[in-house]
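Work through these short exercises with the sequence and the 3D view side by side. Try each task before you read its solution.

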Amino acid sequence: MALVPGLSPNIRLIEPDPGELPPGEDVVVENAPENADVEHVDDKGNVIKIEHPDGAITISLDGKPVEEAEDAYDEGWFANLADKIDAMELSRVADDLIRAIGDDIDSRKDWIEDRAQGIKLLGLKIEVPGIGGAAEGAPVEGMNRVRHPLLLEAVLRFQANARAELLPTDGPVKIRVDDNNATFQTDRMADALERDLNHYLTAIATEYYPDTDRMLLMLGFGGLAFKKVYFCPLRNRPVSETVDAEDLIVNAAATDIRSAKRVTHRVMMRPSTVKRLQILGTYRDVPLSTPTPQQLDSAQREKKAQQGVEPEALNPEDRDREIYECYCELDLPGFEHKEDGETTGLPLPYRVTIDKDSRQVL
């Protein structure tokens, strides 16, 4: 037996001498502390399994060393391909997608106008006539106009009923075991999972309840609501956030999300947040131009008017950056789809994040 070199001092592994164990057998772990990772190596000294103190296990399914699998994982599915693609190709992709997203925005102008009119009909803003004038559309000078609260009352009733069902005080997760032959241990695991998830959504992800409550208001009013579930690199945990219907850009010709050629999430992001994501390596560290004033559509203008919010910051340094996160299909040189070693020309799915003002692929 020999001590494997290069490991943490908290991990002691015993490597078998040649011929002592059959090929492929794990080694014996000796005197490993309870709070340390326990690594198992094969007869060649390669780490093929790691047992973590929290009960998780990292294992190689194909027999290759775990280190090689982790390197392949980092450089594979979740790699930022923008670091490996030619700058001219990135510029072409950005120009094509921005032009296509603009066409998608134009295709839904009528829907945006209807949504803006509906927001106005909620009657959330008090309308008073100006000095010596009348309210908008009032037939007589000095006359006020009152909007009927029927639509707002119906929306608030829907929101209240939905909140009571979907956002109870003890947590929204309810787990049921449908297996009639489930053991007592299975029931305990289900209860533990329900308790842990409810604790996460109520005590850790504190934005979940108020964010979902606002979503229910717009769902009752517009009939559409979207949730985006992803791992946030800044908060270092999964999040579930609402995406406003006007910020989810889909061509009006699409019958549903799955049949859409592109799905774009428009994100207004603080410049400091973009810089943090660049420092973390999530975005490319490229210079970006000064943000320009956002071109608001009628629904966005009406929403800000109802809230009494100024549509745009005067100081350019205070403006948010307009980011397009586009889920689309592309045929990129060097990353073509191949069948039997031959390129087929089949576009592959990608998520392309673009800064609109600087037209840079992040």
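**Exercise 1: the sheet**

Y324 has its bridge partner, I354, in strand β13. The model is predicted: local features need pLDDT of at least 70, side-chain atom pairs count only at pLDDT 80 or more, and totals for chains, interfaces and linings use all residues. Residues are numbered from 1 along each chain as its sequence is written, and side-chain values use heavy atoms, with hydrogens and water left out.

Task: find the order of the strands in the open sheet, and its edges.

Solution.
- Step 1. Strands are DSSP runs of E, at least two residues; helices are runs of H or I, at least four; both are numbered from the N terminus.
- Step 2. Two strands pair if DSSP finds at least two bridges between them. β10 and β13 are joined by eight bridges, in the antiparallel sense.
- Step 3. The five strands run in the order β8-β9-β10-β13-β14, with antiparallel pairing.
- Step 4. β8 (248-249) and β14 (360-361) are the edge strands, as each pairs on one side only.
- Step 5. Now add a helix. α2 packs on the sheet and touches β8, β9 (263-269), β10, β13 and β14. Its direction makes about 100 degrees with that of β10. Axes are lines fitted to C-alpha atoms, for helices over the stretch in contact; angles run from 0 to 180 degrees between N-to-C directions.

**Exercise 2: the core**

Task: say which element gives the largest share of the largest nonpolar core.

Solution.
- Step 1. A nonpolar core is a set of buried Ala, Val, Leu, Ile, Met, Phe, Trp, Tyr and Cys residues joined through side-chain atoms within 4.5 Å.
- Step 2. This core has 19 residues; L97, L330, V352, I354 and V361 touch the most other members.
- Step 3. α2 (87-107), β10 (321-330) and β13 (348-355) each give two or more residues.
- Step 4. The largest share, six residues, is from α2.

**Exercise 3: two polar side chains**

Task: decide whether E207 and T58 are buried, partly exposed or exposed.

Solution.
- Step 1. Buried means under 20% relative accessible area, exposed over 50%, partly exposed in between (1.4 Å probe, protein chains only).
- Step 2. E207 has 18%, so this residue is buried. T58 has 26%, so this one is partly exposed.
- Step 3. Look for polar contacts (N or O atoms within 3.5 Å; within protein, one able to donate a hydrogen and the other to accept it; residues adjacent in sequence count only if both atoms are side-chain atoms). The E207 side chain meets that of R237 at 3.0 Å. The T58 side chain meets that of H52 at 2.8 Å.

Methods: Contact means heavy atoms within 4.5 Å.
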